[in-house]
Amino acid sequence: LAIRKDLGAGATNSGYVLVNRHRGGRYLVVELLSSELLHRFDFMFTLPDGTFDFETIDFNKLYSPAELQDVSLDELIAWAESLPCCTTAEDGERPGDPLNLVFVSELNYLMGALTRSGWVYTERITGKAVVESVQSTLFGSPEWNYPVSPLFFFGRHQDFAMQRPRGSIPQRNHMRIWMAPVRYQGHPVWVAQLSRDIGVKPTWHSPFLMTHVIDPEIDEDRAYLLELLMRSQSVASFGYVDGVGAATRDDPRYNLTGDPYRTDGRRLLIVIAEDPVPIDEVEHIP
């Protein structure tokens, strides 16, 4: 990233910011301090090398104008509550992990908020990615962009996924995200499924012939995400709506690969901020 400042009379002062390369893209903050002012510049940029899942879809062409619906806040809440509880397998029948998040944001601000909070991009399922992922699982080597197996909603698998590494592939937070045919105050709405991996096990339901075991306390992952985004000043407002359906310790529900989970049944609704918002200024949606 080259930064040039016009000093007048044709003179310029150039500088370079050198950073470690993150596969897929990264978030970068540049702060320029003068004697009187602090200038902050936030950059979120992707590296289009052709192997990441977000590169496979043109979001501007995902829905026709006739398919898009603009909604008020009350209508957005009612719509979010009316969504099915869970993702499914490709057949649309067998239930997968619960849909426990709704975002309101332009794509670049959503990706920026997540990368600023430590989330990284996810590679597509390719032979090379599978081999690297198996090696990481077996030998504990770090692999931060491990592919995420497909789950289905809106009649398609996730549009893209993000993950937050925790030292090895069997331990990570991951999120599958779909763009919805809904707009709130002119901004896209996204539905997401969030969970945390705590191990691996064999399965016939994955192209890897193995899958991750999720932490059954999925509401903790939801709260963790909100805390991360608020601490990075990425939240304009948030609230909770019904929709997932409660599942207790004595009567849990199960995802596609048989992992039990418990939840209070609510979805977290987050409006992503376009400019930094301090925690004490974040608005609560009743």
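## Helix 4 and the residue that follows

Helix 4 holds 14 residues, which at 1.5 Å a residue should span 20 Å, and its end C-alpha atoms are indeed 20 Å apart, so the expected and the modelled lengths agree. These values come from a predicted model, and they should be read with that in mind. Along helix 4, the buried residues are Ile218, Asp219, Asp221, Arg222, Leu225, Leu226, Leu228, Leu229 and Met230.

After helix 4 comes Gln233, with a positive phi near 60°. Gln233 lies in the loop between helix 4 (218–231) and strand 16 (235–242), and with a relative accessibility of 29% this residue counts as partly exposed, because the partly exposed class runs from the 20% limit for buried to the 50% limit for exposed. In general, most residues other than glycine have a negative phi.

## Met230 and its surroundings

Met230 has its place in helix 4, and its relative accessibility of 14% makes it buried, since buried means under 20%. Setting aside the neighbours within four places in sequence, Met230 is in contact with Val235, Phe238, Ile279 and Val282. The C-alpha atom of Met230 is separated by 9.7 Å from that of Ile272, a residue 42 positions away along the chain.

## The strands around Phe238

Phe238, one of the contacts of Met230, also has bridge partners in two strands. Strand 16 pairs in the antiparallel sense with strand 19 (residues 266–272) over seven bridges, and within strand 19 the bridge partner of Phe238 is Ile270. Strand 16 is also joined by two bridges to strand 20 (residues 283–284), and these two run parallel; here Phe238 stands opposite His284.

A contact between a charge and a ring can be added to this picture: the charged end of Arg266 sits over the ring of Tyr240, at 4.1 Å from the centre of that ring.

## The protein as a whole

The secondary structure comes to four helices and 20 strands. The protein has 286 residues, of which 47% count as buried, and its accessible surface comes to about 14,400 Å², with 53% of that surface belonging to carbon and sulfur atoms. Among the contacts with a separation of 6 or more, 64% are accounted for by residues 24 or more positions apart.

## Aromatic pairs

A pair of aromatic rings is described by the distance of the centres and the angle of the planes. The count of aromatic pairs in the protein comes to eight. In one of them, the ring centres of Phe54 and Tyr121 are 5.0 Å apart and the planes stand at 50°, so this pair is tilted. Phe54 lies in the loop between strand 4 (38–46) and strand 5 (69–71), whereas Tyr121 belongs to strand 9 (residues 120–121), so the pair ties together parts that are 67 residues apart in sequence. Both Phe54 and Tyr121 are buried, and together with Phe52 they form one aromatic cluster.

In another pair, the ring centres of Phe59 and Phe160 are 6.1 Å apart and the planes meet at 85°, so the pair is edge-to-face. Phe59 lies in the loop between strand 4 and strand 5, while Phe160 is in strand 12 (residues 160–168), so this pair ties together parts that are 101 residues apart in sequence. Phe59 and Phe160 are both buried.

## A hairpin, a second helix and another loop

Strand 3 (residues 25–33) pairs with strand 4 in the antiparallel sense over nine bridges, and a hairpin of four residues joins strand 3 to strand 4. Within this pairing, Val29 stands opposite Asp42 in strand 4.

In helix 2 (residues 107–116), the residues Leu110, Met111, Gly112, Ala113, Leu114 and Thr115 are buried, and helix 2 is followed by Gly118, which has a positive phi near 100°. A positive phi is found at Gln185 too, with a value of about 50° in a residue that is not a glycine. Gln185 lies in the loop between strand 13 (171–184) and strand 14 (187–202), and Gln185 is exposed, because its relative accessible area of 61% is over 50%.

Technical notes
Residues are numbered from 1 along each chain as its sequence is written. This is a predicted model: local features need pLDDT of at least 70, side-chain atom pairs count only at pLDDT 80 or more; totals for chains, interfaces and linings use all residues. Side-chain values use heavy atoms; hydrogens and water are left out. Buried means under 20% relative accessible area, exposed over 50%, partly exposed in between (1.4 Å probe, protein chains only). Contact means heavy atoms within 4.5 Å. Accessible areas come from the Shrake-Rupley method with a 1.4 Å probe; for residues, only the protein chains shown count as cover. Two strands pair if DSSP finds at least two bridges between them. Rings of Phe, Tyr and Trp (its six-membered ring) pair if their centres lie within 6.5 Å; planes under 30 degrees apart count as stacked, over 60 as edge-to-face and the rest as tilted. A charge sits over a ring if NZ of Lys or CZ of Arg is within 6 Å of the ring centre and within 35 degrees of the ring normal. The expected span of a helix is 1.5 Å times one less than its number of residues.
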